[in-house]
Amino acid sequence: MITLYGIKNCDTVKKARQWLEQNNVDYTFHDFREDGMNGVPLADWLGEFGWEQVLNRRSTSWRELSDAQKNALDNASAQVLANDMPTLIKRPVMTRGNDTLFGFKADSYAAFTK
């Protein structure tokens, strides 16, 4: 089963959800804000990909971090920050089993959902 993680009002998440629905892909949606962070495999993502890939360094939330927070980042501190501010996580995140895909590109989704 595919799970899509994100925030429902995020434009990129909207595009991803629309693509999944247009291509008749069954999925479950987990909204970081509405559903919370319980059950989100954030530690797994950080362990496999590192904070540099998991956090969106172009986001408003990133710009709100202090220089000290940014300079001291490692996977452990990124997990604490992302749990407190889930909008730091690059969106959307699509998972199926142990496979994970960050962001949305139609061709990547097509390959991932085969």
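Begin by selecting Asp74, which caps the N-terminal end of helix α7: one of its side-chain oxygens lies 3.2 Å from the backbone nitrogen of Ala76. Keep in mind throughout the tour that this is a predicted model.

**Along α7**

From the cap, move into the helix itself and select Ala78, Leu81 and Ala82, which are the buried residues of α7. Seen down the helix axis, these buried residues fall within an arc of 95 degrees, so they line one face of α7. An α-helix has 3.6 residues a turn, so residues three or four places apart point the same way. Turn the view to the other side of α7, and you will find Val80 and Asp84 exposed. To see what covers the buried residues of α7, display the elements around them, which include α3, α4 and α6 (67-71).

**Across to α3**

Next select helix α3 (residues 42-49), whose buried residues are Leu42, Trp45 and Leu46. Around the axis they cover an arc of only 95 degrees, which puts them on the same side of α3. The face turned away from that buried side carries the exposed residues Asp44, Gly47 and Glu48. Which elements do the buried residues of α3 pack against? Colouring by secondary structure will help here, since the partners are β1 (2-6), α2 (32-35), α4 (51-54), α7 (75-84), β3 (93-96) and β4 (99-102). Just after the helix comes Gly50, whose phi is positive, near 85 degrees.

**The nonpolar core**

Stay with Leu42 and Trp45 and add Ile89, because these three touch the most other members of the largest nonpolar core, a set of 35 residues. Helix α1 (residues 11-22) gives the largest share of this core, with 4 residues. If you show the contacts of Leu42 and leave out residues up to four places away in sequence, the residues it touches are Met37, Val54, Gln79, Ala82, Asn83 and Ile89. One of these, Ala82, was already on screen as a buried residue of α7.

**Leu4 in strand β1**

Now go to Leu4, which is found in strand β1 and is buried, with a relative accessible area of 0%. Leaving aside neighbours within four places in sequence, Leu4 is in contact with a list of residues that includes Ala16, Arg17 and Leu20, together with Tyr27, Phe29, Val93 and Tyr109. Pro92 is also among the contacts of Leu4, and it deserves its own selection: Pro92 lies in the loop between α7 and β3, and the peptide bond leading to it from Arg91 is cis, with omega near -15 degrees.

**Lys8, Glu34 and Asp31**

A search of the whole structure finds 1 salt bridge, and to view it you should select Lys8 and Glu34, whose side chains meet at 2.6 Å, N to O. Lys8 lies in the loop between β1 and α1 and Glu34 in helix α2, so the pair ties together parts that are 26 residues apart in sequence. Lys8 counts as partly exposed at 45% relative accessibility, whereas Glu34 is exposed, with a relative accessible area of 53%.

With Lys8 still selected, add Asp31, which has its place in strand β2 (residues 27-31). Asp31 is buried yet has no salt bridge, and the nearest side chain of opposite charge, that of Lys8, is 5.7 Å away. What does the side chain of Asp31 reach at 2.9 Å? Its partner there is the backbone nitrogen of Lys8. Beyond four places in sequence, Asp31 is in contact with Gly6, Ile7, Lys8 and Gly36.

**Two loop residues to finish**

Select Ser59 in the loop between α4 and α5 (60-64), where it counts as buried at 9% relative accessibility. The backbone oxygen of Asn56 lies 3.0 Å from a polar atom of the Ser59 side chain, and that side chain also reaches the backbone nitrogen of Trp62 at 3.0 Å. Leaving out residues up to four places away in sequence, Ser59 touches Thr87 and Leu88.

End at Asn24, in the loop between α1 and β2, which counts as exposed at 69% relative accessibility. Its phi is near 55 degrees, a positive value in a residue other than glycine. Most residues other than glycine have a negative phi, and most peptide bonds are trans.

Technical notes: Residues numbered from 1 in each chain as written. Predicted model: local features only at pLDDT ≥ 70, side-chain atom pairs only at ≥ 80, totals over all residues. Heavy atoms only, no water. Buried < 20%, exposed > 50% of the residue type's maximum accessible area, 1.4 Å probe, protein only. Lys, Arg positive; Asp, Glu negative; His and termini not counted. Salt bridge = Lys/Arg side-chain N within 4 Å of Asp/Glu carboxyl O. Polar contact = N/O pair within 3.5 Å; in protein donor to acceptor, adjacent residues only side chain to side chain. Contact = heavy atoms within 4.5 Å. Arc of directions from axis to C-beta. Core = buried A, V, L, I, M, F, W, Y, C linked by side-chain atoms within 4.5 Å.
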